Amino acid sequence: MSIVHAAPPRWRRGEGLKALLWMSPWLVGFAVFFAYPLAATVYFSFHRYDLFTLEFVGLDNYRYLLVDDRAWVAIRNTLWLVVLMVPAQVLFGLGVAWLLTRLKAGVGFFRTVFYLPSLIPVVAGTVSFVFLLNPSGPLNQFIELFGIAAPDWFGDKDWSKPGLTMLAMWGIGNTMMIFLAALLDVPKHLYEAAAIDGAGAWRQFRSITLPTISPVLMFSTVTGVIYALQYFTQAMIASRVAAGVTDSPGTTFVPGYPELSTLTLAQWLFHVGFRDFSMGYACVLALLLFAFSTIFTLILLRRFRAFDEGGDR
């Protein structure tokens with residue numbers, strides 16, 4: 001006995017066409033701004049390309065990555081920012097937001113104070129911060145009042161990345177406001193019920209606050225990691241100002257001052273592609289950056305999903 005598969009009803013085909021029509025703006029945007037650039041990047045990564053000539057070189061660009069010392073320094077610095085700067089920024093933003101929810105007076109004033117740095121243009125804020133942390137700046141003078149030898153923040157390779165981390169924590173206004181909105185949205189009756197059961201402040205935070213705001217925490221962490229992997233402007237401006245380098249004609253500047261300690265993968269990609277015009281090798285670095293972003297995002301999503309499932313149980 002043969003089974004005859006009936007053709008799908010016409011209304012179903014019509015619904016499918018309508019769905020494609022509504023999705024077409026996204027599909028066009030995905031194809032034009034993601035799929036095609038990604039395919040082009042893979043294609044050019046197998047070529048020696050300087051914007052004028054195109055020569056197929058196979059895996060030579062990938063082999064060069066293995067022996068490019070500056071690329072590996074940039075990778076280490078970028079991973080340092082991901083592992084240390086992002087958690088510090090997220091935890092500091094969450095801590096400030098949590099303290100603001102506990103204030104009884106002056107909440108509006110302190111919200112404004114903590115949010116204002118995020119309104120300052122990135123370049124102006126970075127330049128100001130470098131001068132604030134210079135050897136004779138106010139922060140070092142304050143530290144020396146306690147008899148402590150103040151570091152040369154952006155002139156010492158051991159302190160330059162901590163200086164960038166402090167800069168990131170100074171500009172946590174947007175992160176703080178997102179966490180503040182999430183914390184204020186936690187139902188009050190959950191805290192009241194937990195207090196009646198004898199749960200302390202830490203237990204309430206662990207069992208009520210964190211599970212409730214976990215989507216916001218995941219969003220802030222994932223976007224922070226992606227931002228750190230693409231970290232460029234602050235590190236570039238800080239290294240230039242600390243080195244006293246300008247863009248005057250005839251001057252060349254290799255990012256990463258001091259001693260390549262602030263060189264990030266995004267900076268090295270830009271330098272290779274738009275200073276040395278090695279676009280093929282720059283495409284390899286871009287693919288590496290894309291791979292890092294994908295891997296870290298998947299790991300974080302999996303960890304947060306496991307946390308949510310554990311909280312549900």
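Begin with the aromatic rings: a search of the whole structure, which is a predicted model, finds 15 aromatic pairs. Select Trp26 and Phe30 as the opening example; their rings form a stacked pair, with 5.1 Å centre to centre and 20° between the planes. Both residues belong to helix α1, where they are four residues apart, about one turn of the helix.

Next, colour these two residues by accessibility. Trp26 has a relative accessible area of 54% and counts as exposed because the cut-off for that class is over 50%. Phe30, at 37%, is partly exposed, since this value falls between the 20% and 50% limits.

For a contrasting geometry, move to Phe232 and Phe270. This aromatic pair is edge-to-face, at 5.4 Å centre to centre and 70° between the planes. The pair links distant parts of the chain: Phe232 is in the loop between α10 (201-229) and α11 (233-243), whereas Phe270 is in helix α12 (residues 265-274), 38 residues apart. Phe232 is partly exposed, with a relative accessible area of 25%, and Phe270 is likewise partly exposed, at 30%.

Return now to helix α1 and extend the selection. Ring pairs link Trp26, Phe30, Phe34 and Phe290 into a cluster. Display the surface over this cluster: its four residues recur in a nonpolar surface patch of about 790 Å², which Leu17, Leu20, Met23 and Leu27 complete. Which element gives the most to the nonpolar patch? Helix α1 (residues 10-44) does, with seven residues.

The following stop concerns a charge and a ring. Select Lys161 and Trp80: Lys161 lies over the face of Trp80, at 5.8 Å from the ring centre.

Finally, centre the view on Ala74, in helix α3 (residues 69-102). Is Ala74 buried or exposed? With a relative accessibility of 0%, Ala74 is buried, because the limit for that class is under 20%. Show its surroundings, leaving aside neighbours within four places in sequence: Ala74 is in contact with Leu263, Thr264, Leu265 and Trp268. To close the tour, draw a distance between the C-alpha atoms of Ala74 and Ala39; the two residues are 35 residues apart along the chain, and these atoms are separated by 25 Å.

Key:
Residues are numbered from 1 along each chain as its sequence is written. This is a predicted model: local features need pLDDT of at least 70, side-chain atom pairs count only at pLDDT 80 or more; totals for chains, interfaces and linings use all residues. Side-chain values use heavy atoms; hydrogens and water are left out. Patches are made of residues with over 30% relative accessible area and no salt bridge: like charges are joined within 9 Å, nonpolar side chains (Val, Leu, Ile, Met, Phe, Trp, Tyr) within 5 Å. Accessible areas come from the Shrake-Rupley method with a 1.4 Å probe; for residues, only the protein chains shown count as cover. A salt bridge is a side-chain nitrogen of Lys or Arg within 4 Å of a carboxyl oxygen of Asp or Glu. Helices (H or I, at least four residues) and strands (E, at least two) are DSSP runs, numbered from the N terminus. Rings of Phe, Tyr and Trp (its six-membered ring) pair if their centres lie within 6.5 Å; planes under 30 degrees apart count as stacked, over 60 as edge-to-face and the rest as tilted. Buried means under 20% relative accessible area, exposed over 50%, partly exposed in between (1.4 Å probe, protein chains only). A charge sits over a ring if NZ of Lys or CZ of Arg is within 6 Å of the ring centre and within 35 degrees of the ring normal. Contact means heavy atoms within 4.5 Å.
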